[in-house]
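Reader: I'd like to learn how to read a model like this one, feature by feature. Can you walk me through it?

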Amino acid sequence: MKLKIKQKNMKKFLLMSLFLLSALLHEAMAQNRTVTGRVIDATNNDGLPGVTILVKGTQVGTATDATGNYSINVPEGGTTLVFSFVGYTTTERAIGNSTTLNIALGTDARQLSEVVVTALGVERTRNSLPYAATQVEGADVTKARNPNFLNSLSGKVAGVNIKQNNTLGGSTNVVIRGTKSLYGNNQALFVVDGVPISNNNTNTTNQTAGRGGYDYGNVGADVNPDDIASVTVLKGAAATALYGSRASNGVIMITTKKGRKGSVGVTINTGATMGVVDKSTFLKYQDQYGAGYGAYYGPDEDAYFNQRDMNGDGTTDLVVPFTEDASYGGAFDPNLMVYQWNSLDPTSPTYRQATPWVAAQNDPSYFLKKAVGTNNSIIVDGGNESGTFKLGYTNTHDTGILPNSEINKNMVNFAGSLNLTPKLTTSASINFTKTDGLGRYGTGYSSFNPMQQFRQWFQTNVDLKEQEEAYFRNRENITWNTRSATDIRPIYSDNPYWVRYENYQNDERYHYFGNIVASYKFTDWFDIMGRVTLDSYDQLQEERNAIGSTGTSSYSRFNITGRESNYDLIANFNKNITEDFSFKGLLGSNFRRHRINSILAQTSGGLVVPRIYSLSNSVNNINPPTETDQRYGVDGYFASATFGFREIAFLDLTGRRDKSSTLPEGNNTYYYPSVAGSFVFSELSKDSPWLSYGKARINYAEVGNDAPVYSIFNVYGKQDQEINSSTRPTVGGFGSIPLYSLPNTRNNLNLKPERTKSVEAGLEMSFLESRFGFEATYYKSNTIDQIIPIQVSTTSGFGATYVNSGEVENKGIELTAFVTPIKTDNFSWTLNANWTRNRNEVLSLAKGTENLVLATYQGGVSSNATIGQPFGTIRGASFVKNTNGEKVIDSDPESARYGLYQTGPSTTVIADPNPDWLGGVSNTVTYKGVSLYFLVDVRQGGQLFNLDTYYGYGTGLYPETAGLNDLGNPSRNPVVENADGTYGANSGGIIFPGVKEDGSPNDIRVANTEGVYGYNQPQEMNVYNASFVKLREASLTYSLPESLLARIKPFKGIDLSLTGRNLWIIKKHVPYADPEDNLGSGNYGLGYMTGSFPTTRNIGFNLRFRF
Amino acid sequence: MKRILLFCIPALVFVTSCKSLDDYDNVNPKAATTVPGTSLVSNAQRVLVNTLNTPDYNINPFRFYVQYWAATTYPDESQFIIATRQINRYFWDPLYRDVLSDLNEGKKLITADPLTTISDPAIKERVRNNQLAAVEVLEVYTWSVLVNTFGDIPYTEALNADNVLPTFDDDVAIYNDLVTRLDKAIGMLDPTAAGLGTGDLYYSGNVASWIKFANAVKLRLGMTLADVDATKAKTMVEAAAPNAFKSNADNAKLTYLSALPNRNQLYESLVQSGRNDFVGASTLIDRLLSTNDPRLNEYFKTVPDTTIYKGGVAGSPNSYGNNSAPGAMLENPTLPGMLLTYSEVEFILAEAVERGFAVEGTATEHYNKAVTASVMEWGGTEVEATAYLAQPAVAYASAPGDFKQKIGTQEWIALYNQPTQAWTEWRRLDAPNLVKPAAAISAIPLRLPYPTTEANLNVTNYKAASAAIGGDEVTTKVFWDKF
């Protein structure tokens, strides 16, 4: 279906509608009797506003006011009133002779009219919905008091894959129904009360690929969880087609709480959480050997220690090899006195003193603190006949597990609505969030991430408490890893306290978003809504490397400003064609405009004055800052029609036309349709005692997507294009000589939109008065003509070129089930479960291309898209296996790798990061005012490559590298092989399990030296199953009973809750780390772990007062 | 009416603030769409020298291969592990994607440049020719480095953005074409007109210098062919010899600046990084010690807290504190990066005499001049050079071995700061005799394998090329490496 709507035509349409309106007003004149009354909620006797009242068999109708009162003129012959309201059972009442008709509506157990907020904020009844849409209530979002509401969706919604990480305030990856775009954005779109908010982050490419940087979080987290009324997850293209281009990844719609009519209410919420490191996610250290890579030191380079006269007594002393960031050194011996790093600093109490050679008393776990968070909010709301308002303020303050880290967030929001006339409604909302970050965790493989030294390159003899004291004595970088015994500047690793207190970053973000809406109801079946929305943020990020640190001292500032405005005009129609056939339609336009501006400036060649962080403190003149200025927009026109037959069958048709500024003229306009149908078969057997609800649904939809901005025309770059230049500053010129270069990526004048085609079918059923039910959905989506900066042979002169090519398929099954085994007045028990299986496959790439390297990582592995494989497979060197599947050992005595695993091709797929399935099970048990809830979150399958163990096993930090061997001797002892092939009494060495090249079991004993457990082996040896089972959330809530509340007058409600998050990792396979921890949101870094942060178990309490 | 007015408010906002889509031209306002062609040439010149001479072992591991240096804590690259860090790719990519691509684009822009500041059309043509010829010389130089490193490479079909699957050309054919192109460029250079101007980072647009450089390149290419095509080598060397460099002042080099980011890569790696990744290898240090080489104290520092020089073991981890680190001169941020030196020219001439090519002078004269030029390049004096050359182990007449060994050994010492060319000359002359380090995973590489990106992205052509050269191995010889 192609639907073309020109703006001109729309104006005509509006004029026509006005005519129709006057005709209708005419009809409304013929009335002769008035009935009044009040409609209340049967459960709590509150007045129900907005209930539709129709005189049966006519078009005459009205609605209840804010307090539930109504008045209707009944035409002659009218005998029955029909009361209907979403979520409640539609009820008919005979009028008889009464002039007053009060009625209590009961909630609808059949879910027929449960209301769901859908695309563009259109409220629809569940039975008319022809696609999967999961609604999560606000109360479920706040149950575990997660400051980031995105994370609190984990395990609750089928089809949604949420990856959170363990940094403070880090970004959360939200992907719905699989990765579709190879290079584009795959994050779900967030829409808050009609305001689209991008969930992108501003992290650098280096950060996302694990090469260092900070995770600045994403703006999607700037929604106050306490302000959320409900979250609707629209998963498929059919559900989101009306949003156009950017909704191909699904939409998470957030509806915030609205002011209540009637009295003024005040809600105060206060809570605190404390997080303690989950020990299973941090490493343990071997405690038998200290600093060094082996016996390489001393005058003859054959000892574990260097020799030097350290105290000036004329005799040489044993000195730790300070430069070495490994623990394959000398065996610990409390009687052995050696000069360690703490003997080098003149202000140290152990200056020029030898100390016993022992494992550190305080290993790096000493460095990790308790995380503390507080949350305080107040919401005032109220309203009357003509309007409502809500004003809220929230403060959250969190400190992390690393020293000197905190994030403070202040959120203010205001929403108000005003009914200027019964027909004209206006509303506006503004949300303002200020986020201040200090000392966010450095991530990835970087000196700013203390986990790099702790997990990969460290000396087990280094005591962290001493490092702490050494730093705080004079606030100097007294590191354990000095250049030499006389030059105590750092060589590879800084003192970790120095890193946290001197090389800290800070950032502030002002994020404001809001809307202005006006809606005019011409008749009860036709209204027009105009809306302007704005999402805007201003951000400053400052990063430092202090004088005295490893690397060149530096200061950089990054200012970024982003604006997105949307202008919507939507006409809604809601008209029953006959009593049996209903029609709902909308016609609309959406004009979207983006402007993103940024400037990144940094010092050059170092800083002059210590601790002054200013561009003017640069040693050299600073290089030209990197500026970006992105402006783009999309104009969309759309229409949708829903035809209904009774409450039984519905047909949905939508069409949208988009014109994008980022595509070349001629290819910049594109159309896409959707068609969907639902069939509520339970309506055919209404009286069935067991079937409460049954619906089948099916749909097909297409969505288009435009190109990244500025990917059409080629320009020259005034910058350094050298490889590995990522860490180097932009080169403006060679002195005063300008340097220009062709860009690395070639743009393409012939790009066309990327398209996603999807089909979906589902079944929803519930039984026994909805005590038990399930929902099952099958979907398949194919994203074709992908716009990808495809990596090309650099012999073409470019490293990459934009093309339309490639197809990615996602298909999967989503299952949701609920059961309420027990439900009495005082006691209830409800169980919810969901299960998702997504299969992703790259079906094709550009012509002649079998594989796309998406990112290359430290450690010789890369992330790839390969035809016939799922997205993001990790490639690296594999084991070599024989036909029996046994690992082959290099058996050539001449080989440098004799006795180690043979290394297969370095481009073998060694890990697939995609999970086999995701699942979640929640339990809620309620007894009177007490409610106990817990959620178990499961990820099954998927693998990751762990750089932490790849290096850390190699440098001998972990206990596995220093145990006993098969002979019962310390494996690090030298191998002593006797002439007859037997081994000496104390022989060390290890035999790796596998077979020799001739197929016989491996019996080659290799020395347990640096690298043999880690980086000297194929990368595949450090691939782990990333499955986990987590007790994600738990809470115990107590609501004070009304009888008690009545006595303490001002309160309408007091809730007290104890909450827990990530309390227990029930099962995992990745040693010493949290398999879920990752580098942040985005396409990269999937299945790659480096500098991983431990999980915190969070326990908190929360108090909520309602007045 | 009032209601309609109210309703119009959002509409008004809509109309006034929403820019028409036609106002978005989708061109990055912060980037240039037209630039001077010479600015791309400047960039190529900078990247070329950086790539060939950087000590960054992620890009250029050749100081390890010829055993100038040994590694301290992390010996992987000195054990010839190439794949893990994709060193071959990071050497290949900048030469193609930055140097050759920018030169190619620069040529297009120069051809289209109206040169509005010059009125005389004839002079215009000569200036343009000088600029194009200089670019051509740089291209020939760069291509020869790629062939010397990899063997068969994409050439005729390369640098065409519309063909991302170029075939690989035979290395001999490429060399032949380079010779033709170089001769043509030499013919185009006209010292009476201006050249690239101040954008020329090597010679500031001095065309006479470019003529010498072009001839020096010709000399080098000719001698590289000597073992496989003596006739061609003879013709080229004889034609180029009189016109090549005459002194160190003619050297093709990039003089770095004292300020970031245009400091010598050595400075960045040895000083700025704060790391101690390298020490001298005993192979070179022992040689320098045994012949009282005047360059020793420039090439290397003494062992910390001592007055002695000691080299580390090539291919093994070494203690920074127990060995000689690279010398203080290398820590000068403005130390020039060399492309081709007078010293090398004289070594080639010495070899030419030995091979019976008709060039002026004797082998000994050229050998002495070459060594003297090198000593002086490193801050030494003629007196020092003479004393050095007087030693029996150094003097051309008495130094051990045949001419290849005599010249090869001294050239190896002289090319200390040109690791890429040093590796090529070591492979060609097979001197000095370098022993494979015990811990190395392979023999000393005779070429770099093709980057895995080529194997992945240009599969068919990669496979064909690998077969054509006799296997994509480090032990496969480049065509001119006959012995």
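Author: Sure, we'll take the interface, a helix, two loop residues and some salt bridges in turn.
Author: Residues are numbered from 1 along each chain as its sequence is written, and chains are lettered from A and ligands numbered from 1 in the order in which they are written. This is a predicted model, where local features need pLDDT of at least 70, side-chain atom pairs count only at pLDDT 80 or more, and totals for chains, interfaces and linings use all residues; side-chain values use heavy atoms, with hydrogens and water left out.

Reader: How much area do chain B and chain A bury between them?

Author: The size of an interface is often given as the accessible area lost when the parts come together. Buried area here is what two parts lose on being put together, with a 1.4 Å probe, summed over both. Chain B and chain A bury about 8000 Å² between them, and 58% of that is on carbon and sulfur atoms. B:Leu21, B:Asn26 and B:Arg97 supply 10% of the area that chain B buries against chain A, more than any other three residues. Contact means heavy atoms within 4.5 Å, and the contact takes 96 residues from chain B and 91 residues from chain A.

Reader: And how many residue pairs are in polar contact between the two chains?

Author: A polar contact is a pair of N or O atoms within 3.5 Å; within protein, one must be able to donate a hydrogen and the other to accept it, and residues adjacent in sequence count only if both atoms are side-chain atoms. Between chain B and chain A the count is 24 residue pairs, both at pLDDT 80 or more. On the side of chain B that touches chain A, the elements giving two or more residues are α1 (2-17), α2 (37-53), α4 (87-112), α9 (265-272) and α17 (452-457) of chain B. Of these, α4(B) gives the most, with twelve residues. Helices and strands are DSSP runs numbered from the N terminus: H or I and at least four residues for helices, E and at least two for strands.

Reader: Which salt bridges cross that interface, and how many are there?

Author: Side chains of opposite charge can pair when their charged atoms come close. The rule asks for a side-chain nitrogen of Lys or Arg within 4 Å of a carboxyl oxygen of Asp or Glu. It finds four across the interface of chain B and chain A, including one between B:Asp305 and A:Arg308 at 2.8 Å, N to O.

Reader: Now a helix. Why is α12(B) described as largely enclosed?

Author: Buried means under 20% relative accessible area, exposed over 50%, and partly exposed in between (1.4 Å probe, protein chains only). Eleven of the 13 residues of α12(B) are buried, so the rest of the structure largely encloses it. Among them are B:Tyr342, B:Phe347 and B:Leu349. The cover includes α7 (207-224), α8 (230-240) and β6 (337-340) of chain B, among others. Helix α12 (residues 342-354) of chain B reaches 19 Å from its first C-alpha to its last, close to the 18 Å expected at 1.5 Å a residue; the expected span is 1.5 Å times one less than the number of residues. Just after α12(B), B:Gly356 takes a positive phi of about 85°.

Reader: What about a loop residue: is A:Thr64 buried or exposed?

Author: A:Thr64 counts as buried, at 7% relative accessibility. It lies in the loop between β3 (61-63) and β4 (69-74) of chain A. A polar atom of the A:Thr64 side chain lies 2.8 Å from the backbone nitrogen of A:Val51. The C-alpha atoms of A:Thr64 and A:Leu48, 16 residues apart along the chain, are separated by 7.2 Å.

Author: For a second case, A:Asn1022 lies in the loop between α8 (947-952) and β54 (1023-1025) of chain A. A:Asn1022 is buried, with a relative accessible area of 1%, and its side chain makes a polar contact with the side chain of A:Thr949 (2.7 Å).

Reader: Which residue forms a salt bridge with A:Arg145?

Author: That's A:Asp226, with the closest N and O atoms 2.8 Å apart. The pair links distant parts of the chain, 81 residues apart. A:Arg145 is buried at 12%, and A:Asp226 is buried at 8%.

Author: Try A:Arg646 and A:Asp580 next: their closest N and O atoms are 3.2 Å apart. A:Arg646 is partly exposed at 46%, and A:Asp580 is partly exposed at 28%.
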